[in-house]
Each structure stands twice: as structure tokens, then as C-alpha cells.
Amino acid sequence: MVEKLQKMLDYQKVDIELRRALDEIERNELNRKKEQARQAFSDAKNSVLETEKTAESIIAFYNNAQKYYDENIKKFEELERKLAATDENDDAARREILSQMETLRDKMSELERKLSEKKSKSDEVIHGYLEAQEKGKKMRDIYNSVKQKLEAFKEEKMPKINELNGKLGEMEKGIDKTVFEAYKSITAERKYPAVVAARSFDGGKSYTCSGCGLATSQKVKDELLEKGVCRCDNCRRIIYTE
Ligand SMILES: [Zn+2]
């Protein structure tokens with residue numbers, strides 16, 4: 001194996017250990033739970049806002065209904081007074097007033113019907129509002145508790161991560177710059193390990209990259225045989241002959 005690769009391989013061993021420690025944090029089940037709680041909290045918050053809007057429109061309806069009711073009561077009382085002042089023998093005039101009173105009464109019972117309809121609607125809205133608020137509080141508590149657990153888990157892992165990072169910083173100094181840069185660009189794509197052996201078969205007629213498992217091209221094979229190291233033309237990993 002090419003001399004300059006040994007230090008890279010030593011580095012890779014420690015780097016993979018670091019990657020595993022970081023994965024334990026990033027792929028922790030708690031991340032999913034935290035995201036779920038955040039989503040559920042945000043849904044509940046939207047429900048609260050929606051029911052608040054509906055409640056506002058119901059209140060506006062009640063206010064209008066109240067005004068309409070007061071006006072009609074006034075009109076009705078006026079008609080009552082007018083009726084009392086009308087000559088008892090003036091049948092035509094009395095009939096006209098009574099028919100107006102009848103119309104008003106119909107309008108009032110129509111309003112009553114609408115109000116009772118609104119009553120069940122507003123009960124529903126209040127129920128929905130309280131439920132969403134309660135759910136929102138619960139989800140916020142779950143979110144906070146999961147977040148805390150996740151942070152405690154990270155805290156627990158940090159000494160090891162810091163130690164590995166320190167080690168890597170030291171090891172980096174001895175590595176060939178070009179190889180190291182290639183290594184960094186490969187691992188940036190989360191391809192671990194980035195440096196792998198090329199296996200020969202058919203008595204050395206072909207080589208396969210043990211990273212992606214595919215056979216190299218003739219060009220890569222020639223370079224590999226000449227220099228002992230090159231990039232896989234399929235996955236771009238650094239491959240070397242053992
Ligand atoms: Zn490959």
C-alpha cells in the first residue's frame with residue numbers, strides 16, 4: 001500500500017468513530033418525537049386561531065341580532081300605541097295595524113330560530129377552542145421535555161466527541177494535502193468509508209472498488225497499477241491496491 005495513505009487510513013478510523021457518535025445524536029428517535037410534537041403544537045395553535053375567528057363572527061352576529069331585536073320591539077310598541085289610539089269603529093285602519101304587527105311577530109320568530117341555530121354552533125366553537133388550547137399546552141410540554149432529553153443526551157456525548165475532534169486535529173497534520181482534500185469532499189457527501197481497497201479478481205485482470213462494488217474502468221485500473229492509488233470512476237472514493 002502507498003505510504004502516504006497509511007496516515008489517512010488511521011485518521012479515517014477515528015473519523016468513523018466520530019461519525020457514529022454524531023449519528024447517535026442526529027438519528028436519535030427523540031428528534032422524530034420532537035418534530036412530531038412541534039407539528040402537533042403548531043396544528044393546535046392554528047385551530048385556536050381559527051376558532052377565535054369563528055367566535056368573532058358569531059359575536060358580530062349576536063350584536064346585529066340584538067340591534068335588530070331592539071328596533072323591532074320599538075316598532076311593535078309604536079304599533080300598540082297606534083292601535084290604542086285608533087277609533088274602535090275604524091276597521092280598515094285597525095286591520096292594517098294588526099297586519100303590520102303580525103309581520104313583525106313573524107320576523108321576530110325567524111330571528112329566534114336563527115339564534116337557536118347559532119347557539120349550538122357557538123357551543124361547538126367553544127368546545128373546539130378549549131380542546132385545541134388544551135392540546136396545544138400538552139404538545140408544548142411534550143416538546144419541551146423531549147428537547148430537554150435530547151440536550152441531555154448530547155451533553156453526555158460531548159466529551160467523547162470533543163476528544164475525537166482533538167485527536168483528528170492532531171492526525172490531520174501528517175496527511176498528504178491532496179489526499180486529505182479528496183477525503184473531505186467525499187465524506188461531505190456522507191460516504192463512509194471514503195478510502196477503500198480495490199480488490200483484484202480474474203488474476204489481476206480487473207479491479208473492483210470495495211466501496212461501491214463496481215468494476216473500475218481500464219483507465220482507472222492502469223492508474224491504480226501505476227500509482228497504487230486513485231479515485232473510483234463510479235463513486236469517486238479513494239481506492240488503493242493492498
Ligand atoms: Zn466506487
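Helices here are DSSP runs of at least four residues in H or I, and strands are runs of at least two in E, numbered from the N terminus.

**Figure 1. The whole chain, seen as helices and strands.** This is a predicted model, and its protein chain carries five helices and four strands. Walk along the sequence and the order reads α-α-α-α-β-β-α-β-β. The radius of gyration is 40 Å, well over the 18 Å that the globule rule gives for 242 residues, so the chain is more spread out than a compact globule. Laid along its principal axes, the C-alpha trace covers about 130 × 40 × 25 Å.

**Figure 2. Surface, burial and charge over the full chain.** Of the 242 residues in the protein chain, 31% are buried. The accessible surface adds up to about 16,200 Å², with carbon and sulfur atoms holding 49% of that. As for charge, the chain has 49 positive and 48 negative ones, and their mean positions sit 7 Å apart. Contacts are worth a look too: take those between residues at least 6 apart in sequence, and 66% of them join residues at least 24 apart.

**Figure 3. Tyr11 meets Phe180 edge-to-face.** With ring centres within 6.5 Å as the cut-off for a pair, the chain has four aromatic pairs. One of them is Tyr11 with Phe180, an edge-to-face pair at 5.2 Å centre to centre and 90 degrees between the planes. The two partners come from distant parts of the chain: Tyr11 belongs to helix H1 (residues 3-26) and Phe180 to helix H4 (residues 177-187), 169 residues apart. Are these rings buried or exposed? Tyr11 has a relative accessible area of 3%, so it is buried. Phe180 counts as buried as well, because its relative accessibility is 11%, and the cut-off for buried is under 20%.

**Figure 4. Phe180 again, now stacked on Tyr183.** Phe180 also pairs with Tyr183, and this time the arrangement is stacked, at 6.5 Å centre to centre with 20 degrees between the planes. Both residues lie in helix H4, three residues apart, or about one turn of the helix. Phe180 and Tyr183 are both buried. Put the ring pairs together and Tyr11, Phe180 and Tyr183 are linked into a cluster.

**Figure 5. Thr51 and what it touches.** Thr51 is found in helix H2 (residues 29-85). Its relative accessibility is 15%, so Thr51 counts as buried. Which residues does Thr51 touch, once those up to four places away in sequence are set aside? The answer is Val125, Gly128 and Tyr129.

**Figure 6. Ala132, with contacts at hand and Tyr207 far off.** Ala132 sits in helix H3 (residues 91-172). At 8% relative accessibility, Ala132 is another residue that counts as buried. Skip its neighbours within four places in sequence, and Ala132 is in contact with Ala44, Ser47 and Val48. Now zoom out to Tyr207: Ala132 and Tyr207 are 75 residues apart in sequence, and their C-alpha atoms are 63 Å apart in space.

Definitions and conventions: Residues numbered from 1 in each chain as written. Predicted model: local features only at pLDDT ≥ 70, side-chain atom pairs only at ≥ 80, totals over all residues. Heavy atoms only, no water. Rg over C-alpha atoms; globule rule 2.2 N^0.38 Å. Buried < 20%, exposed > 50% of the residue type's maximum accessible area, 1.4 Å probe, protein only. Contact = heavy atoms within 4.5 Å. Areas by Shrake-Rupley, 256 points an atom, 1.4 Å probe, with all protein chains shown as cover. Lys, Arg positive; Asp, Glu negative; His and termini not counted. Charge placed at Lys NZ, Arg CZ, Asp CG, Glu CD. Phe/Tyr/Trp six-rings, centres within 6.5 Å; stacked < 30°, edge-to-face > 60°.
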